[in-house]
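Please go through the sequence and the model below together. The paragraphs that follow start with confidence and then move from helix to core to aromatic pairs.

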Amino acid sequence: MGWLSIIFGALAIAMPWIAGQSILLMVGALVIAAGIMRMIWAFQAGSLGKGVLVFLIGVLTLLAGVTVIASPLVSSAILTIILSIYFFVDGLSELFAAFSLQDGKGWLLFDAVVTILLSIMIFTGFPLAGTVAIGVFLGIKLIFVGVTMLSIRSLIHKGV
């Protein structure tokens, strides 16, 4: 499983657009399922008012999932904006934190600058950078999971 995870991670990094689109489609399907479950759950509510509210939230959730699947470019654009804002705010907070430290602020300052630059790169690649970023992040995560699995397997075989 570790090697498969590493292989799929490398493929996700090599083809980030496809990996990102796959993630968007899977998220859309999960949101649709959650919407349907909320609508079913509404019939188990204790009162009519609560049941109607839960049902309407279920309908809204279902529509959000359908929108993600029907309009992956719109979903990618929204994700790009969210990722860019997140990285920018995170970079600024790291920057302020770095300047508040007396010692050891070099790596934090470096991380802040890299994070802010990443935010700018994602935003300037709008709207497609969000999907590509998801694919690359998924690939990196899969590689780390695979390496961790192989490391644990090696430790188990050594009897540690």
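In which element of the protein chain is confidence lowest, and in which is it highest? The model is a predicted one, and its mean pLDDT is lowest in α6, at 80, and highest in α3, at 92. For the protein chain the mean is 85, with 96% of residues at 70 or more. Where pLDDT is low, predicted coordinates should not be read in detail.

Helix α5 is a convenient place to begin. It runs over residues 106-124, and its 19 residues should span 27 Å at 1.5 Å a residue; the end C-alpha atoms are 27 Å apart, so the expected and modelled lengths agree. The buried residues in α5 are A112, T115, I116, S119 and I122. Because these residues cover an arc of only 125° around the axis, they sit on the same side of α5. An α-helix has 3.6 residues a turn, so residues three or four places apart point the same way. On the face turned away from the buried side, α5 carries the exposed residues W107, M121 and T124. V113 also belongs to α5; its relative accessibility is 41%, between the 20% and 50% cut-offs, so V113 counts as partly exposed. Between the C-alpha atoms of V113 and S93 there are 11 Å, while the two residues are 20 apart along the chain.

What does the buried side of α5 pack against? Its buried residues pack against α4 (72-100) and α6 (129-158). On the α4 side, one residue to look at is E94. E94 has a relative accessibility of 14%, which is under 20%, and therefore counts as buried. Leaving out residues up to four places away in sequence, E94 touches L108, D111, A112 and T115. Two of these contacts, A112 and T115, are among the buried residues of α5.

The largest nonpolar core consists of eight residues: I23, L79, L83, F87, I122, A129, A133 and I134. Two or more of its residues come from each of α4 and α6. Within the core, A133 touches L83 and I122, again not counting residues up to four places away in sequence. In soluble globular proteins, nonpolar side chains tend to be buried together.

A buried serine is found elsewhere in the chain. S5 lies in helix α1 (residues 2-14), and its relative accessible area of 9% is under 20%, so S5 is buried. With residues up to four places away in sequence left out, S5 touches L142, I143, V145 and G146.

Finally, the structure holds two aromatic pairs. F43 and F55 form an edge-to-face pair, with 6.0 Å from centre to centre and 70° between the planes. This pair links distant parts of the chain: F43 is in the loop between α2 (16-42) and α3 (48-70), F55 is in helix α3, and 12 residues separate them. F43 is exposed, as its relative accessible area is 69%, whereas F55, at 30%, counts as partly exposed. The other pair, Y86 and F87, is tilted, with 5.3 Å centre to centre and 55° between the planes. F87 has a relative accessibility of 13% and so counts as buried; F87 is also one of the residues of the largest nonpolar core.

Conventions
Residues are numbered from 1 along each chain as its sequence is written. Side-chain values use heavy atoms; hydrogens and water are left out. Rings of Phe, Tyr and Trp (its six-membered ring) pair if their centres lie within 6.5 Å; planes under 30 degrees apart count as stacked, over 60 as edge-to-face and the rest as tilted. Helices (H or I, at least four residues) and strands (E, at least two) are DSSP runs, numbered from the N terminus. Buried means under 20% relative accessible area, exposed over 50%, partly exposed in between (1.4 Å probe, protein chains only). The expected span of a helix is 1.5 Å times one less than its number of residues. The arc is that of the directions from the helix axis to the C-beta atoms. Contact means heavy atoms within 4.5 Å. A nonpolar core is a set of buried Ala, Val, Leu, Ile, Met, Phe, Trp, Tyr and Cys residues joined through side-chain atoms within 4.5 Å. pLDDT is the predictor's confidence in each residue, from 0 to 100.
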